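Got a few minutes to look around a protein chain together? Keep the sequence and the 3D view open while you read.

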Amino acid sequence: MRLYLIRHAHALPHTNDAKRPLSERGRQTTLRLAELFRSNGAFTARQLWHSPLTRAFETAQILAETLDSDISLVETDGLCPSDDPADMVDRLTIYPTAQDIALVGHEPHLSALATLLVCGEPAPNAFHLKKNAVIMLRQTDKTHPSGLARWRIGWHLGPELLAAD
């Protein structure tokens with residue numbers, strides 16, 4: 001199973017944090033990310049789980065529309081900035097391992113989740129995802145001493161590699 005952790009794109013300031021929409025810069029960077037994945041085939045998820053916050057939904061929507069109209073968008077609790085990454089690990093444990101999945105969320109949650117999956121503990125953070133960054137993880141057949149499934153990094157793509165032409 002491949003797991004893609006995607007931080008939402010740049011968003012506009014807004015008095016209500018949950019309703020912050022993407023900026024034009026965020027939309028364009030996400031479009032470049034989706035076009036890169038469409039051209040290289042490096043993204044194989046069939047579902048995009050996203051937080052209920054507007055900027056995560058809009059990031060997921062642009063990815064799905066550009067990559068493949070059959071990719072499902074699923075609003076998912078447990079992907080907000082202050083959520084416990086262990087809750088998402090529990091959800092992933094029951095997700096079919098034959099299907100790749102992407103999570104579109106926020107910092108510091110995504111870094112803590114990646115650290116928990118790779119290192120077995122959520123802190124100290126071993127990762128930091130910039131806006132529009134993606135980490136692809138692969139589940140191994142090994143476990144951490146805690147019994148938690150062990151994951152390894154497939155690749156980490158930073159937004160600086162998506163520079164405009």
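Here is a walk from the overall layout down to a few single residues.

First, keep in mind that this is a predicted model. The chain folds into four helices and six strands. Starting at the N terminus, the order reads β-α-β-α-β-α-β-α-β-β.

How big is it? Along its principal axes, the C-alpha trace spans about 45 × 35 × 25 Å. A compact globule of 165 residues would have a radius of gyration near 15 Å, and this chain has 15 Å, so the two agree. Buried residues account for 48% of the 165 residues. If you take contacts between residues at least 6 apart in sequence, 69% of them join residues at least 24 apart.

What about the outside? The chain exposes about 8000 Å², and carbon and sulfur atoms supply 50% of that. There are 17 positive and 19 negative side chains, with the centres of the two sets 5 Å apart.

**The cores**

Now for the inside. In soluble globular proteins, nonpolar side chains tend to be buried together. The largest nonpolar core here has 24 residues, and Leu 3, Leu 5 and Leu 103 touch the most other members. Strand E1 (2–7), helix H3 (85–94), strand E4 (101–105), helix H4 (109–119) and strand E5 (134–143) each supply at least two residues of this core. H4 gives the most, with six residues. A second, separate core has 20 residues, including Phe 37, Ala 56, Ala 64 and Leu 67.

Let's zoom in on Leu 5. Leaving aside residues up to four places away in sequence, Leu 5 touches a list of residues that includes Leu 103, Leu 110, Leu 113 and Ala 114. Leu 129, Ala 133, Val 134, Ile 135 and Leu 137 are also among its contacts.

**Helix H4**

Why is H4 described as largely enclosed by the rest of the structure? Ten of its eleven residues are buried, so there is the reason. The buried ones include His 109, Ser 111 and Thr 115 alongside leucines such as Leu 116 and Leu 117. The cover over the buried residues of H4 includes E1, H3, E4, E5 and strand E6 (149–157). Just after H4 comes Gly 120, with a positive phi near 90 degrees.

**Two cis peptide bonds**

Two peptide bonds deserve a look, and each has a proline in it.

| Cis peptide bond | Omega |
|---|---|
| Glu 107 and Pro 108 | about 5 degrees |
| Ala 123 and Pro 124 | about -5 degrees |

Pro 108 sits in the loop between E4 and H4, while Pro 124 belongs to the loop between H4 and E5.

**Three more residues to find**

Asn 132 is also in the loop between H4 and E5. Its phi is positive, about 70 degrees, although Asn 132 is not a glycine. Is Asn 132 buried or exposed? Asn 132 is buried, with a relative accessible area of 2%.

Thr 59, in helix H2 (residues 54–67), has a relative accessible area of 0%, which means it is buried. Not counting residues up to four places away in sequence, Thr 59 touches His 8, Ala 9, Leu 22, Thr 30 and Val 104.

Asp 84 lies in the loop between strand E3 (72–75) and H3. Asp 84 counts as partly exposed because its relative accessibility is 41%. Asp 84 and Leu 113 are 29 residues apart in sequence, and their C-alpha atoms are 8.4 Å apart in space.

Definitions and conventions. Residues numbered from 1 in each chain as written. Predicted model: local features only at pLDDT ≥ 70, side-chain atom pairs only at ≥ 80, totals over all residues. Heavy atoms only, no water. Rg over C-alpha atoms; globule rule 2.2 N^0.38 Å. Buried < 20%, exposed > 50% of the residue type's maximum accessible area, 1.4 Å probe, protein only. Contact = heavy atoms within 4.5 Å. Areas by Shrake-Rupley, 256 points an atom, 1.4 Å probe, with all protein chains shown as cover. Lys, Arg positive; Asp, Glu negative; His and termini not counted. Charge placed at Lys NZ, Arg CZ, Asp CG, Glu CD. Core = buried A, V, L, I, M, F, W, Y, C linked by side-chain atoms within 4.5 Å.
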